[in-house]
Amino acid sequence: MTKLAVLGAGSWGTALANTAAENGHDVRLWTHNPDQAVEINTQHTNDKYLPQAQLSEQLVATSDMAEAVADVEIVLSVVPTKAVREVAQQLADVLTAQQQTVILAHATKGLEQGTYKRISEMMAEEVPAAYRSAIAVVSGPSHAEDVIRHDLTAVSIGSEDEAAAKLLQTVLSNQTFRAYTNHDLLGSELFAALKNIVAIGSGALVGLGYGANAQAALLTRSLVEMRALGLAMGAKEETLYELAGIGDLIVTGMSPNSRNYRAGMGLGQGKTLAQVTEDMGMVIEGVNTTKAVYDFAQTYQVDMPITTAIYQVLYEDKPLAQAIADLMARPLKSED
């Protein structure tokens, strides 16, 4: 039995914590909301984020971070990108006070606004090296709503420390949830962030009334952009064609369970970005990621016309129909 703390009781954090608890591990789920902790512990539900789901009675929630991470081997952070530093700082204080070293993992898909740093870079800056033995990321095609109802799911655990990745792999894997490992932390994080941009575009196409042909074209040509930027930034090409890359791209770019996809649908239906954001009531990671990746494209001199078009819609108020028309009117070329 492994002791694991999961930080963040949103839909994905709860689903991962529940999976590990069902596997027989000692899991503490930390939330900043004491009322939510009470609900999880007494009713074994988390209705705000996973309506109608019944959680394992072995899953213990707490709003006390010191209690959550005491004596655990792994700390898995699953908070929105904008909260990563704040929560990591709290974690660092607790680990320092308890003189405790842990495997530090996360399952957040985004880039920091302003600095454009990956989640692992942010966490490494906030948690001293003395209190973390390794850093890992959980990524891949995995909607929390499907995981909680035991739909067949496969994810990838990326880390430069193979032993740490394998431990997390065994904690999460069971008959319906299968984890693989890889050594490409950078690529796993980068591609997980990039696919959120594509999901916005895919949802927008559906919102406008386009069909599967348009979605397939978007996802396929987006892979070309993801590959070019990934290679320029040091990611391994094979990661793109595995769960952390194309796997995550497919499920996020084709499913209404994705909040980025739903945000795109709203835009396609004529809503403003402000209206979409208000309606969602949750973080839309792809919006901030679009700006970061647009700037990356300039810095690394990578041609990313789809990303540029989505950026223009989100940040320059370019009409969606015009953005699509301009993409389709680009000079003809080979696929290479």
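## Strands 1 to 3

Lysine 3 stands across from aspartate 26, a residue of strand 2. In this predicted model, that pairing belongs to a parallel arrangement in which strand 1 (residues 3-7) is joined to strand 2 by five bridges. To get from strand 1 to strand 2, the chain passes through helix 1 (residues 11-22), and the resulting β-α-β crossover is right-handed.

Strand 2 also pairs with strand 3 (residues 60-62), again in parallel, here through three bridges. Follow strand 2 to arginine 28 and you will find valine 60 of strand 3 opposite. Strand 2 spans residues 26-30, and because four of these five residues are buried, the strand is largely enclosed by the rest of the structure. As a general reminder for looking at side chains here, those of a regular strand alternate between the two faces of the sheet.

## Leucine 314 in helix 15

Let us turn to helix 15, which covers residues 305-315 and includes leucine 314. Is this leucine 314 buried or exposed? With a relative accessible area of 8%, leucine 314 falls under the 20% cut-off, so it counts as buried.

Which residues does leucine 314 touch, leaving aside those up to four places away in sequence? The contacts are Ile200, Leu267, Leu273, Val287 and Thr290. For a sense of distance, take isoleucine 119: it lies 195 residues from leucine 314 in sequence, and the two C-alpha atoms are 23 Å apart in space.

## Two loop residues with positive phi

Two loop positions are worth a look for their backbone angles. Glutamine 99 is not a glycine, yet its phi is positive, at about 50°. You will find glutamine 99 in the loop that links helix 4 (84-98) to strand 5 (102-106). Its relative accessible area is 58%, which is over the 50% cut-off, so glutamine 99 is exposed.

Aspartate 317 is another non-glycine residue with a positive phi, in this case about 55°. Where does aspartate 317 sit? It is in the loop between helix 15 and helix 16 (320-328). Aspartate 317 counts as exposed because its relative accessibility is 68%.

Key: Residues numbered from 1 in each chain as written. Predicted model: local features only at pLDDT ≥ 70, side-chain atom pairs only at ≥ 80, totals over all residues. Heavy atoms only, no water. Helix = DSSP H or I, 4+ residues; strand = E, 2+ residues; numbered from the N terminus. Buried < 20%, exposed > 50% of the residue type's maximum accessible area, 1.4 Å probe, protein only. Contact = heavy atoms within 4.5 Å. Pairing = 2+ DSSP bridges. Right-handed = clockwise from strand over helix to strand, strands pointing away.
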